[in-house]
Amino acid sequence: LKEKQMAYLLATNQEEKAGEVLEERGERDKALTLYMKANKPGRAARLALKTSSLLQNEDLVSRIISLLVRSELYELAGDLAQKTNQLDIAMKFYKKGNSFSRAIEIARVVSPDEVTILEEEWGDFLVQKRQLDASISHYIEAGATNKALDAAMGAKQYRKAVQIVKVLDDSVEIKKYAAELSEHLSNSGDIDTAEDLLLRAEMYKEAIEMLNKHNKWEKSFDIAEQYLEKDEMSELFMDVALKLEQEKKYRDAEKVYITTGQHDLAINMYKN
């Protein structure tokens with residue numbers, strides 16, 4: 001009956017089913033041959049991985065790996081290569097199959113220098129998949145802080161973005177997101193961090209305007225005095241004071257006038 005069953009399956013081109021039957025019977029080498037004939041390299045690989053005698057056949061393993069690569073089953077190809085101690089090849093297959101955690105695991109042993117490269121590539125892969133939040137930690141591990149900042153801002157992870165900005169020295173890169181980040185921080189009540197961020201981005205006027213908006217006149221005047229021309233500074237603060245006067249915020253307008261040394265204007269405002 002077994003012979004008839006096998007003859008029927010082979011005559012009707014059911015090699016995969018025939019392979020299953022042989023695998024159940026324990027005839028694993030014959031089963032593997034049929035899986036390969038049926039163009040099922042995945043099944044062949046999984047069978048080989050749990051059969052030590054098959055793994056010892058280098059030619060067979062090489063043929064299975066070739067079929068897996070042709071079918072773009074890179075992770076399984078990596079598993080086979082790793083199981084047969086071909087670690088460099090396994091790492092390449094894992095990388096090609098976007099199995100970065102497995103590739104990094106091997107890289108730590110055989111090629112530590114490649115770990116940071118793989119971490120960055122993992123981050124790039126996650127960004128392509130629109131998993132920006134997940135990519136941040138990989139970019140940080142890779143030391144790709146600019147990419148980490150881009151990902152954090154794209155994911156609206158402002159707190160992470162602030163932490164990343166704190167270790168950045170590139171004022172151009174900081175400037176790219178300083179306005180958006182400082183607005184978020186100041187609206188959350190963290191005026192000091194928002195101010196520091198704008199100053200590091202060399203956005204002095206924006207820092208002054210942000211501080212004025214939150215009634216931090218003395219601080220904004222100090223910045224203006226340090227970084228702006230006298231005419232520009234005077235014009236900026238006069239505009240602020242006049243606006244406050246028009247809005248009948250006399251106490252705030254007074255503070256601006258006094259801070260900038262325009263006592264007469266403050267007196268005239270109250271007279272008016």
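Okay, let's start with a bit of vocabulary: we call a helix crossing left-handed when the near helix is turned anticlockwise from the far one by less than a right angle, and right-handed when it's clockwise. Keep that in mind, and keep in mind too that this is a predicted model.

So, where do we use that word? The crossing of helices α11 and α12 is left-handed. Helix α11 covers residues 132-142 and α12 covers residues 145-154, and their axes come within 8 Å, crossing at roughly 160 degrees. Anything over 145 degrees counts as roughly antiparallel, so that's how α11 runs relative to α12.

Who actually meets whom there? On the α11 side we've got Leu-132, Ser-135, Ile-136, Tyr-139 and Ile-140, and they meet Lys-147, Ala-148, Ala-151, Ala-152 and Gly-154 of α12. Sorted by class, that contact has 7 nonpolar, 2 polar and 1 charged residues.

Now, the inside. In soluble globular proteins, nonpolar side chains tend to be buried together. Here, the largest nonpolar core has 46 residues, with Leu-149 and Leu-181 making the most contacts inside it. Which helix gives the most to this core? That's α18, residues 230-246, with 7 residues. There's also a second, separate core of 38 residues, including Leu-32 and Ile-65.

Back to Leu-181 for a second: setting aside neighbours within four places in sequence, Leu-181 is in contact with Met-153, Tyr-158, Ala-161, Val-162, Val-165 and Leu-197.

Val-162 turns up again with Thr-193, which touches Val-162 and Leu-185, again not counting residues up to four places away. Thr-193 sits in helix α15, residues 191-200. Is Thr-193 buried or exposed? Its relative accessibility is 19%, and the cut-off is under 20%, so Thr-193 counts as buried.

Conventions: Residues numbered from 1 in each chain as written. Predicted model: local features only at pLDDT ≥ 70, side-chain atom pairs only at ≥ 80, totals over all residues. Heavy atoms only, no water. Helix = DSSP H or I, 4+ residues; strand = E, 2+ residues; numbered from the N terminus. Buried < 20%, exposed > 50% of the residue type's maximum accessible area, 1.4 Å probe, protein only. Contact = heavy atoms within 4.5 Å. Core = buried A, V, L, I, M, F, W, Y, C linked by side-chain atoms within 4.5 Å. Axes fitted to C-alpha atoms, helices over the stretch in contact; angles between N-to-C directions. Parallel < 35°, antiparallel > 145°, perpendicular 65-115°, else oblique. Nonpolar A, V, L, I, M, F, W, Y, C, P; charged D, E, K, R; others polar.
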